[in-house]
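Visitor: Could you walk me through how to read a model like this one? I'd like the general idea each time, then the case at hand.

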Amino acid sequence: MTAPAIVVVGAGQAGYQTVESLRQEGHDGPITLVGAEPHPPYQRPPLSKAYLLGETDGMRILFRTADYYAQHGIDLRRGRSVQAIDRSGKRVRLDDGGSLAYDKLVLATGSRVRNLTVPGADLAGVFTLKTLDDVDRIGEALGRAAQVVVIGAGFIGLEFAAVARKLGKAVTVLEAAPRIMGRVVHPVLSDYFTAFHRGRGVVIQCGAVVAAVEGEGRVQRVVCADGAVHAADLVVVGIGVLPNVELAEDCGIVCDNGIVVDQYCRTNDPDIFAAGDCAVFDHPFAASRVRLESVQNAADQGRCVAATILGHDKPYGTVPWFWSDQYELKLQMVGLTMGCDSVVRRGDMAVDKFSLFHYRGGCLRAVDSVNKAADHIVGRKLLAAGISPSPEQAADEGFKLNSLLG
Amino acid sequence: MPTVTYIEHDGTEHRVELPAGWTLMQGATLNGINGIEGECGGSCGCATCHVYVDESFLDKLDPPSETEAEMLECTSSPRQANSRLGCQIKAMPELDGIVVRLPETQS
């Protein structure tokens with residue numbers, strides 16, 4: 001039997017990992033990787049941090065050099081997008097009028113930024129932050145900017161705020177919700193990070209609903225629903241992302257806030273798979289349907305989908321982990337805090353080194369660490385093994401959590 | 001440019017020149033060397049760029065930061081006295097000729 005022809009749609013973390021793992025695991029058939037961006041696949045995490053600070057560059061954030069793909073028989077189609085999937089004919093149609101036949105199709109279509117929909121949101125000087133080109137545009141404008149307004153206090157917005165402060169800009173963060181990073185972290189962490197940012201001179205306004213962006217030709221101010229006006233010559237909008245499901249939906253693949261897959265990244269079509277930000281699945285750790293927007297999930301699902309296609313099925317169920325770097329704070333999170341009913345702290349917030357251990361019904365479910373990688377690591381191991389330290393043990397820095405692992 | 005030799009777990013050797021300031025993680029991935037992943041983009045957050053540094057170069061390196069030392073506790077292959085994370089070692093003239101061995105697995 002000849003090796004199947006595999007087409008991967010989307011050249012972000014999940015798409016890259018899929019093709020890389022396919023070749024590593026011995027697939028010797030044709031692979032085509034279709035990516036909408038003009039660049040070879042690159043790492044996004046440095047964009048909002050080291051890249052904007054000039055500590056790395058467009059070359060060094062690439063997963064592989066541009067010639068790697070051809071050398072490994074991977075047909076990388078850059079700057080191309082897939083317009084439609086013909087499931088019965090097993091072809092995808094490209095935006096240049098061409099089409100590609102597939103035996104197996106992987107949808108790693110990722111997510112796109114949620115756009116601000118208020119008047120003036122399209123003014124010059126208003127940016128979103130997702131791609132290398134976005135960040136190059138921001139970087140260029142940032143040199144001339146003095147007053148930065150960040151709309152949305154999630155990881156991206158706050159990482160950017162930290163960078164802009166480091167570069168000496170006046171920074172205001174506007175968040176519509178009552179607290180920062182409210183969707184992903186415990187209120188204790190929201191308060192801690194709010195105080196830290198304020199200590200570095202960032203103005204943080206929660207409950208601030210943006211009503212309009214105004215300016216003559218380019219942004220000059222952001223106006224909130226309560227009438228507050230914030231002067232701005234550069235605005236970054238970071239209000240979340242939406243999964244790119246349209247391709248799948250249009251051809252009858254089951255979607256539900258994401259492309260629905262099982263633990264092997266299989267959709268309801270036996271020849272079509274999905275991985276990364278665009279995929280939603282019943283996570284064994286969550287015991288519920290989740291869609292994860294993280295590097296860990298994209299990379300692990302990329303590996304999983306490659307294994308599935310090659311017939312060495314490895315169900316995916318890694319305990320989710322995430323991180324965010326803001327100033328010198330390294331926030332590392334493992335597990336899921338949804339449904340948790342109690343929390344204990346290990347370590348000292350006053351010296352910026354502590355972890356929160358989250359419990360549900362007395363069972364450890366998540367560990368959030370600030371500058372305490374050791375707790376993050378032991379948390380990963382404990383959660384993977386299903387072992388819970390008692391809350392008293394977790395809170396006692398003298399107790400060696402490693403000792404529970406045997 | 002400093003020369004770095006990577007030795008894969010199966011013994012395959014790669015001798016490459018890296019621009020000063022590149023990390024050993026970047027040098028491996030951008031030279032198509034397998035056995036280093038660097039999933040977190042080089043922020044000392046995933047421990048998938050684990051390398052074993054040749055003993056003769058160990059004392060030329062700055063000691064690992066607290067975070068790196070802690071992350072080394074979760075490498076996929078066993079941690080040894082000469083274990084480091086490739087993303088935390090920058091190619092500099094004084095490291096010219098450094099040899100690193102790659103572990104069996106990274107994730």
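Visitor: What share of the 107 residues of chain B count as buried?

Guide: Buried means under 20% relative accessible area, exposed means over 50%, and partly exposed lies in between (1.4 Å probe, protein chains only). In chain B, 58% of the 107 residues count as buried, and in chain A it's 55% of 406. Keep in mind that this is a predicted model, where local features need pLDDT of at least 70, side-chain atom pairs count only at pLDDT 80 or more, and totals for chains, interfaces and linings use all residues. Residues are numbered from 1 along each chain as its sequence is written, chains are lettered from A in the order in which they are written, and side-chain values use heavy atoms, with hydrogens and water left out.

Visitor: Which elements does chain B run through from the N terminus on?

Guide: Helices (H or I, at least four residues) and strands (E, at least two) are DSSP runs, numbered from the N terminus. For chain B the order is β-β-α-β-α-α-β-β, giving three helices and five strands. Chain A comes to nine helices and 26 strands.

Visitor: What radius of gyration does chain B have?

Guide: That radius is taken over C-alpha atoms, and the globule rule is 2.2 Å times the number of residues to the power 0.38. Chain B has 12 Å, which agrees with the value near 13 Å for a compact globule of 107 residues. Its C-alpha trace spans about 30 × 30 × 25 Å along the principal axes. For chain A, 22 Å agrees with the rule's value near 22 Å.

Visitor: How many of the chain B contacts between residues at least 6 apart in sequence join residues at least 24 apart?

Guide: Contact means heavy atoms within 4.5 Å. In chain B, 64% of those contacts join residues at least 24 apart.

Visitor: Now a single residue: is Asp348(A) buried, exposed or partly exposed?

Guide: Asp348(A) counts as partly exposed because its relative accessibility is 37%. You'll find Asp348(A) in strand β24 of chain A, residues 342–348.

Visitor: What is Asp348(A) in contact with, leaving aside neighbours within four places in sequence?

Guide: Lys353(A) and Phe354(A). There's also a link to a backbone: the side chain of Asp348(A) reaches the backbone nitrogen of Ala350(A) at 2.9 Å. As for Glu397(A), it sits 49 residues from Asp348(A) in sequence, with 9.7 Å from C-alpha to C-alpha.

Note on methods:
A polar contact is a pair of N or O atoms within 3.5 Å; within protein, one must be able to donate a hydrogen and the other to accept it, and residues adjacent in sequence count only if both atoms are side-chain atoms.
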